[in-house]
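Reader: I should like to request a close look at a single part of this structure. Could the explanation please proceed step by step, as for a first-year student?

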Amino acid sequence: MLDMLMISRSPRTHDNRARVALVQYSPAGYFPRGRQNPANLEFGFIRYNNKNLMKRYIEESFNKLDGPAGIGHAIEWTINNVFMSDAATRRYKVIFVILAGETSSFDM
């Protein structure tokens with residue numbers, strides 16, 4: 001998917017290129033109304049300015065979380081904590097969701 005995007009070479013400034021953040025859901029033991037976040041920010045919008053560095057992070061440092069699939073809670077957390085940050089001030093914003101199964105019953 002990263003190969004399809006024109007990544008911003010200077011993600012701290014405004015340009016017409018994409019900035020990417022990677023958020024993973026859900027940590028082991030997550031349950032709504034608990035103290036744990038439903039998602040983990042792997043990297044934010046301004047951390048990388050090169051898709052090859054992003055790919056390297058995913059290949060070498062990304063570890064799958066084994067928690068329940070609370071996708072609704074994770075999307076809400078992502079909007080409130082990642083998209084609404086100062087680093088996310090862009091006119092257009094998109095979330096790509098990659099699912100590997102059904103969502104948890106508490107998410108319905």
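Author: A residue is called buried when its relative accessible area is under 20%, exposed when that area is over 50%, and partly exposed in between. The model under discussion is predicted, and the part chosen for the close look is the loop between E1 and E2, where Pro27 has its place. Pro27 has a relative accessibility of 12% and therefore counts as buried.

The surroundings of Pro27 may be considered next. Apart from residues up to four places away in sequence, Pro27 touches Gln36, Asn37, Pro38, Ala39, Leu65, Gly67 and Pro68. One of these, Ala39, belongs to the strand E2, which covers residues 39-43. By contrast, the C-alpha atoms of Pro27 and Ser85 are separated by 22 Å, and these two residues stand 58 places apart along the chain.

The partner Gly67 deserves its own description. Gly67 lies in the loop between helix H1, residues 51-60, and H2. Its contacts, again leaving aside residues up to four places away in sequence, are with Ser26, Pro27 and Ala28. The relative accessibility of Gly67 is 25%, which means that Gly67 counts as partly exposed, whereas Pro27 is buried. Between Gly67 and Gly34 there are 14 Å in space, C-alpha to C-alpha, and the two are 33 residues apart in sequence.

Two charged residues with neighbouring numbers can be added to the picture. Lys64 and Asp66 form a salt bridge in which the closest N and O atoms are 3.6 Å apart. Lys64 is exposed because its relative accessible area is 59%, and Asp66 is likewise exposed because its relative accessible area is 63%. The count of salt bridges comes to two. The other pairing joins the side chains of Lys55 and Asp3, with 2.6 Å from N to O. This pair links distant parts of the chain, since Lys55 is in helix H1 while Asp3 is in the segment before E1, 52 residues away. Asp3 has 52% relative accessibility and so counts as exposed; Lys55 has 24% and so counts as partly exposed.

After the loop that holds Gly67 comes helix H2, which runs over residues 71-83. Its buried residues are Ile71, Ala74, Trp77, Thr78, Val82 and Phe83. Strand E1, residues 22-25, and strand E2 are included in what covers them. The two strands on either side of the Pro27 loop are thus also part of the cover over the buried residues of H2.

Helix H2 also has a part in the largest pocket, whose volume is about 1400 Å³. The lining has 44 residues, and those closest to the centre of the pocket are Ala21, Leu22, Val23, Ile95 and Phe96. Two elements, E1 and H2, give two or more residues to this lining, and the largest share, six residues, comes from H2. By type, the lining divides into 30 nonpolar, six polar and eight charged residues.

A remark on confidence completes the account. The average pLDDT of the chain is 84, and 95% of the residues score at least 70. Among the elements, H1 has the highest mean pLDDT, 94, and H2 the lowest, 88.

Conventions. Residues numbered from 1 in each chain as written. Predicted model: local features only at pLDDT ≥ 70, side-chain atom pairs only at ≥ 80, totals over all residues. Heavy atoms only, no water. Buried < 20%, exposed > 50% of the residue type's maximum accessible area, 1.4 Å probe, protein only. Helix = DSSP H or I, 4+ residues; strand = E, 2+ residues; numbered from the N terminus. Contact = heavy atoms within 4.5 Å. pLDDT = per-residue confidence, 0-100. 1 Å grid on protein atoms, 1.4 Å probe; cavity = no way out; pocket = protein on both sides within 12 Å on 5 of 7 lines; lining within 4 Å. Points joined across faces, edges and corners; volume = space filled by probe spheres on them. Nonpolar A, V, L, I, M, F, W, Y, C, P; charged D, E, K, R; others polar. Salt bridge = Lys/Arg side-chain N within 4 Å of Asp/Glu carboxyl O.
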